[in-house]
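Welcome! Please take a moment to look over the sequence and the model before reading on.

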Amino acid sequence: MRCPHIERYLENLGEHGYDHNDVSPANPKYNCIAWAAGEDHRHWWPADWDLITYYWPPHLQREPFGQQTLQNFIKAFQSLGYKKCWFSYRQKGIEKVAIYGTPKNVPTHAVRQLESGEWIWTSKCGMIDEDIKHRKLFNVGGNEYGKVIALLKRRRDGKPFLIDVIKNWLTKKFRS
Amino acid sequence: MLPERIKLETAARKNPFIKKSEDITYAKRELNDWLKEHIDPSDLSEKYLVVLQTTHTHIHFSDNVSREVLSESKKSSDFEKLKKEFNERADRWEKQTGFHSSPVIRFMHNDYQSIMAKGKEVIPHILYRIKRKPDDWFWALRHIANFDAAVASGATNFDEAVAAWLKWGVDENYISE
């Protein structure tokens, strides 16, 4: 199914930038941040003005209208086991998330990497539109979502990265 | 287009009931229905009222009744106009911001702001909209009504917030069930 309304606003998506055969129905019950975090039943946003419509991990700070920070979004994904990374290519056993934002680093959108297949990324387009699969991060970037401002990764099996295990071990050893 | 005077003369001629009625309530309803059916409500103005009072003395209504009937028609016409404008703006807002997750971007959109600026008159239209097509109209409702029905009802998720606002709308007579 083609989504002309999405193509119109995401100028780098075009007709061929996403998978026409795997577009979900439009669903207002979740947004892109929730979808990137692996959920499809509520909206994620650190909104301090509405604790009912918008979920945010309870241990993290909610921010006032128009003052959302990249750091808060990164912390939310870190609470799901993600850590910062620098490359977006696919790696076996690794799941990645990209956060888009404005030139002032205000988050606007997030996408999640798929484990396999021709289409690499999955995006829920906003609060009410469809979720789509696209090949490149560039496909959904542009005037509306801005560009990628953070990349994060975690192991798909839920275990910590070896480097983090070693770091923790060394920290404990030298503290004691 | 017929001049107003002729339209109203025709109105009286075509509806003999208007001349006969002693029952004011029934007559009001009849006249109102007739006006709705035969005269474009958006054309109604003070001019009609003056013509009605000066040229149709055979219409057995007091000035107050005529005024009330026309005022009700005017209200209904304003409601329809606002409904039309609201739906146009809401559709455009949804199209132009539906793909955004940021509530800030969505709420700062020109059409959302314009709708909020309409004040309490727009509340029924918002409530009918969220009943038909749930979306985040809560920010607008909270600011216009100066009250948070979702918080007051103890809602814990989006669906419960929608239900709470609709119940509030019924309780406050903004919408019917």
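Here is a short tour of a cavity, a pair of packed helices and some buried residues. Keep in mind as you look around that this is a predicted model. The structure holds one cavity of 30 Å³ or more, and two helices of chain B that help to line it, α9 and α11, also pack against each other.

**The cavity**

- The largest cavity contains about 30 Å³ of space.
- From chain A, its lining takes in Asp50(A), Ile52(A) and Thr53(A).
- From chain B, the lining includes Phe138(B), Arg142(B), Asp148(B), Ala150(B), Ala161(B) and Trp165(B).
- Two elements of chain B, α9 (138-145) and α11 (158-171), each give two or more residues to this lining.
- Sorted by class, the lining residues are five nonpolar, one polar and three charged.

**How α9(B) meets α11(B)**

- A general point helps here: two packed helices are described by the angle between their axes and the distance between the axes.
- For α9(B) and α11(B), the axes come within 12 Å and cross at roughly 35 degrees.
- The crossing of α9(B) past α11(B) is left-handed.
- On the α9(B) side, the contact is made by Phe138(B), Leu141(B), Arg142(B) and Ala145(B).
- On the α11(B) side, Phe158(B), Ala161(B), Val162(B), Trp165(B) and Trp168(B) take part.
- By class, this contact has eight nonpolar residues, no polar ones and one charged residue.

**A closer look at Ala145(B)**

- Ala145(B) sits in helix α9 of chain B.
- Is Ala145(B) buried or exposed? Its relative accessibility is 13%, so Ala145(B) counts as buried, the cut-off being under 20%.
- Not counting residues up to four places away in sequence, Ala145(B) touches Ile123(B) and Trp168(B).
- Gly119(B) is 26 residues from Ala145(B) along the chain, and 8.3 Å separates their C-alpha atoms.

**Buried helices**

- Why is helix α8 (residues 123-132) of chain B described as largely enclosed by the rest of the structure? The reason is that seven of its ten residues are buried.
- Those buried residues of α8(B) are Ile123(B), Pro124(B), His125(B), Ile126(B), Leu127(B), Arg129(B) and Ile130(B).
- Over in chain A, helix α3 (residues 70-78) has Leu70(A), Asn72(A), Phe73(A), Ile74(A), Ala76(A) and Phe77(A) buried.
- The cover over the buried residues of α3(A) includes helix α2 (32-36) of chain A.
- Strands of chain A also contribute to that cover, among them β1 (43-44), β3 (83-85), β4 (94-101), β5 (107-113) and β8 (147-155).

Note on methods
Residues are numbered from 1 along each chain as its sequence is written. Chains are lettered from A and ligands numbered from 1 in the order in which they are written. This is a predicted model: local features need pLDDT of at least 70, side-chain atom pairs count only at pLDDT 80 or more; totals for chains, interfaces and linings use all residues. Side-chain values use heavy atoms; hydrogens and water are left out. On a 1 Å grid over the protein atoms alone, a cavity is a set of points where a 1.4 Å probe fits but cannot get out, and a pocket is an open set with protein on both sides within 12 Å along at least five of seven lines; lining residues have an atom within 4 Å of a point. Grid points are joined across faces, edges and corners, and a volume is the space filled by probe spheres set on the points. Helices (H or I, at least four residues) and strands (E, at least two) are DSSP runs, numbered from the N terminus. Ala, Val, Leu, Ile, Met, Phe, Trp, Tyr, Cys and Pro count as nonpolar, Asp, Glu, Lys and Arg as charged, and the others, Gly among them, as polar. Axes are lines fitted to C-alpha atoms, for helices over the stretch in contact, and angles run from 0 to 180 degrees between N-to-C directions. A crossing is left-handed if the near helix is turned anticlockwise from the far one by less than a right angle, and right-handed if clockwise. Contact means heavy atoms within 4.5 Å. Buried means under 20% relative accessible area, exposed over 50%, partly exposed in between (1.4 Å probe, protein chains only).
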